[in-house]
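Reader: I've got a bench question about one part of this model, and I'd like a close look at it. Here's what I'm looking at.

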Amino acid sequence: MTSIAYLGPAGTFTEQAARAFDLPDPQYVPVDSPAAALDAVRTGTADRAVVAIENSVDGAVTSTSDALVAPGVRILGETELGIAFAIMTRRGFLLADATTLSTHPVAHTQVSSWVGEHLPGVQFVPATSNAAAARMVADGEADVAAAPERAADLFDLEVHARGVADMDTARTRFVLVGPEDAPLPARTGRDRTSLVFQTPNQPGTLVAMLQEFASRGVDMSRIESRPTRTVANTYNFFVELVGHIEDAEVAEAVAAVEQRATWSRFLGAWPRC
């Protein structure tokens with residue numbers, strides 16, 4: 001049995017992503033946040049976690065990035081889902097009577113134009129996940145939810161619209177995370193490598209560190225900065241590279257950055273989807 005922690009309840013896009021990894025004899029364990037999913041792996045209460053890491057509309061999922069800083073976990077794989085929502089209510093409820101709409105805040109930005117056109121004036125009620133929004137509607141805590149259509153089946157809701165997304169290209173990338181001592185996936189020739197680091201507080205240090213990648217021809221596919229939350233005006237820099245840590249040029253660049261950094265942590269290497 002493979003226990004897999006994910007942002008719940010059942011019916012979220014994260015659950016859909018977790019099922020896409022097709023792990024052996026899976027047992028899906030819903031939790032309240034990406035941080036809780038990663039902590040479940042750190043403490044051994046789950047074998048794996050699946051968390052959203054990047055959305056094509058809103059960028060990095062910062063709650064996941066912040067939770068990846070602590071040791072004890074390693075990224076082992078990824079999958080990507082096209083994101084569109086169903087608009088759902090309790091059975092027999094008329095959309096014209098709606099005064100509140102609930103969904104995850106990231107989802108809200110992805111349906112805001114549709115909502116403005118079809119549900120003008122409704123109050124947004126944020127939910128911890130899209131499926132949690134569906135549960136709020138079922139419990140009478142909101143009138144309308146924007147959620148994956150499966151959530152309507154799970155909570156016995158009526159679907160009024162399907163495939164709702166302000167941008168047809170909206171996609172979210174999810175990563176599979178295991179314990180830090182899990183074996184790295186084998187090099188495929190189509191891989192990513194990720195690390196997080198802090199720089200000395202000196203002029204030009206970040207440029208110099210990024211030059212370690214450029215000078216070796218290592219393509220950087222993503223960079224993100226997040227406050228460390230420990231010392232004012234200090235930042236964690238998250239970097240994703242094209243290539244595997246077992247590629248010589250990637251390994252050399254990572255080693256050079258780690259040598260320059262005041263702190264760093266290797267986050268994993270895995271096949272790109």
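How many of the nine residues of α5 are buried, and what sits around that helix?

Author: A quick word on the ground rules. This is a predicted model, so local features need pLDDT of at least 70 and side-chain atom pairs count only at pLDDT 80 or more, while totals for chains, interfaces and linings use all residues. Residues are numbered from 1 along each chain as its sequence is written, and side-chain values use heavy atoms, leaving out hydrogens and water.

Helices (H or I, at least four residues) and strands (E, at least two) are DSSP runs, numbered from the N terminus. For α5, seven of the nine residues are buried, so that helix is mostly covered; buried means under 20% relative accessible area, exposed over 50% and partly exposed in between, with a 1.4 Å probe and protein chains only. The buried ones are Asn 130, Ala 131, Ala 132, Ala 133, Ala 134, Met 136 and Val 137. Just after α5, Gly 140 has a positive phi of about 80°.

One helix that meets α5 is α4. Its buried residues, Ala 107, Gln 110, Val 111, Trp 114 and Val 115, pack against α5 (130–138) and also β3 (48–55), β6 (85–89), β7 (100–103), β9 (144–147) and β10 (158–164). Contact here means heavy atoms within 4.5 Å. α4 bends by about 60° at Val 111, the bend being the angle between axes fitted to the seven residues ending there and the seven starting there.

α4 also matters for the largest nonpolar core, a set of buried Ala, Val, Leu, Ile, Met, Phe, Trp, Tyr and Cys residues joined through side-chain atoms within 4.5 Å. Among its 31 residues, Val 50, Phe 85, Ile 87, Trp 114, Val 115, Leu 119 and Phe 174 touch the most other members. Elements giving it two or more residues are β1, α1, β3, β6, α4, β9, β10 and β11 (171–179), with the largest share, four residues, coming from α4. A second, separate core of 21 residues includes Ala 37, Val 41, Val 175 and Val 177.

Ile 87 shows how the pieces meet: beyond its neighbours within four places in sequence, Ile 87 is in contact with residues including Leu 95, Trp 114, Val 144, Val 159 and Val 164.

Finally, a couple of backbone oddities elsewhere. A cis peptide bond joins Gly 8 and Pro 9, with omega about 5°, and Pro 9 is in the loop between β1 (2–7) and α1 (13–20). Asp 22, not a glycine, has a positive phi of about 50°, and counts as exposed because its relative accessibility is 67%.
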